[in-house]
Amino acid sequence: WFDEFSQSQTDCADAQGFAAAHQNFAARRCEQLAKAVVRRRYELLALDMGAEREQHTARFAELARDAAVQLHAQHHSDDPHSGKRVSFGLIRMANIEQLVEVALALYALGAPDGVQIHLCVYHSQFPLLIRSGIERQLDQALNRRQRDAVFGLPGIRQRFDAYPQADQLFIVLGSPVTEVGRDHDYDWAVVEPSSMRSLIQLAGRIRRHREGDCQAPNLRVFDFNLRHFRAKRRD
């Protein structure tokens, strides 16, 4: 048996011996986990789409944006050079077709007064050269092991300085590719529902490189996804 805390080896002569050894290891693991600080807290978010089905994409974009702005207010960092409030968040959608439509709706929607949104669309159907370029930039920006290093990156710095708004949100609007093999650290996430395994993988990208307790939810999960309402419309 092994985990991030310890390793254990036992020669088990029968099923009962194996069960006892397994239970002992699991009990020790539970004790260690109980001492760990909580870095991620979850909140269920109602996807209230309204009766106008033609407006569902725009409505989803509005709800996702508002959730992002609220999470930014609670989980931002302060740029040491300008004092602006900055956060790096993820809006994860399950289906690329709907993701592209929502990206256009977010662009058309804009941002509230005093807020600047920097939007990056990231999914698996980009040409490989473009996708590689996106991933290279994300790998740099979302490496948070040194707390203030991101504020010195030329691409990030250029965007800070180009806009006067006090609140700067860097949002990755991504497909499930964001969960696969990426060592990224986000401040918060807004996601469509998916399998428990997928949600756990995604949660592992929130505060991935940083210690410290989290007092307010930094992961919001919609109770339905946009495709669910598309299916209802076809019915």
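How many nonpolar, polar and charged residues does the lining of the second largest pocket have? I put this at the head of the page, keeping in mind that I am working from a predicted model.

**Entry 1, the second largest pocket.** By class I find 5 nonpolar residues, no polar ones and 4 charged ones in the lining of the second largest pocket. I looked up the names and noted Glu4, Phe5, Leu33, Ala36, Val37, Val38, Arg39, Arg40 and Glu211 as the residues that line this pocket. For its volume I wrote down about 330 Å³.

**Entry 2, the largest pocket.** I turned next to the largest pocket, which holds about 420 Å³ of space. It is lined by 20 residues, and of these I noted Cys120, Gln137, Ile156, Arg159 and Phe170 as the closest to its centre. When I sorted the lining by class, I had 14 nonpolar, 5 polar and 1 charged. I then asked which elements supply at least two residues each, and listed strand 3 (85–92), strand 4 (115–122), helix 4 (128–141), helix 5 (154–162) and strand 5 (167–174). Helix 4 gives the most to this lining, with 5 residues.

**Entry 3, helix 2.** I followed helix 2 over residues 56–75, a run of 20 residues, and found that from the first C-alpha to the last it reaches 28 Å, close to the 28 Å expected at 1.5 Å a residue. I also checked burial along this helix, and the buried residues are His56, Thr57, Phe60, Ala61, Leu63, Ala64, Arg65, Ala67, Ala68, Leu71, His72 and His75.

**Entry 4, aromatic pairs.** I find 5 aromatic pairs in the structure. One of them joins Phe60 and Phe222 in a tilted arrangement, with 5.1 Å centre to centre and 45 degrees between the planes. This pair links distant parts of the chain, since Phe60 belongs to helix 2 and Phe222 to strand 7 (residues 219–222), 162 residues apart. Phe60 has a relative accessible area of 1% and is therefore buried, and Phe222, at 2%, is buried as well.

A second pair that I looked up is formed by Phe88 and Phe170, which are stacked at 4.9 Å centre to centre with 20 degrees between the planes. Because Phe88 lies in strand 3 and Phe170 in strand 5, this pair ties together parts that are 82 residues apart in sequence. Both Phe88 and Phe170 are buried, and I noted that ring pairs link these two with Phe151 and Phe160 into a cluster.

**Entry 5, Gln168.** Which residues does Gln168 touch, not counting residues up to four places away in sequence? I placed Gln168 in strand 5 and recorded a relative accessibility of 0%, so Gln168 counts as buried. Its contacts, with that same exclusion, are His72, Lys84, Arg85, Val86, Ser87, Gln116, His118, Arg159, Phe160 and Tyr163. Several of these names were already on my pages: His72 is one of the buried residues of helix 2, Arg159 is among those closest to the centre of the largest pocket, and Phe160 belongs to the ring cluster.

**Entry 6, Arg207.** My last look was at the backbone of Arg207, where phi is near 50 degrees, a positive value in a residue other than glycine. I noted beside it that most residues other than glycine have a negative phi. Arg207 is found in the loop between helix 6 (196–203) and strand 7. Is Arg207 buried or exposed? At 18% relative accessibility, Arg207 counts as buried, because the cut-off for buried is under 20%.

Notes
Residues numbered from 1 in each chain as written. Predicted model: local features only at pLDDT ≥ 70, side-chain atom pairs only at ≥ 80, totals over all residues. Heavy atoms only, no water. Helix = DSSP H or I, 4+ residues; strand = E, 2+ residues; numbered from the N terminus. Expected span 1.5 Å × (residues − 1). Buried < 20%, exposed > 50% of the residue type's maximum accessible area, 1.4 Å probe, protein only. 1 Å grid on protein atoms, 1.4 Å probe; cavity = no way out; pocket = protein on both sides within 12 Å on 5 of 7 lines; lining within 4 Å. Points joined across faces, edges and corners; volume = space filled by probe spheres on them. Nonpolar A, V, L, I, M, F, W, Y, C, P; charged D, E, K, R; others polar. Phe/Tyr/Trp six-rings, centres within 6.5 Å; stacked < 30°, edge-to-face > 60°. Contact = heavy atoms within 4.5 Å.
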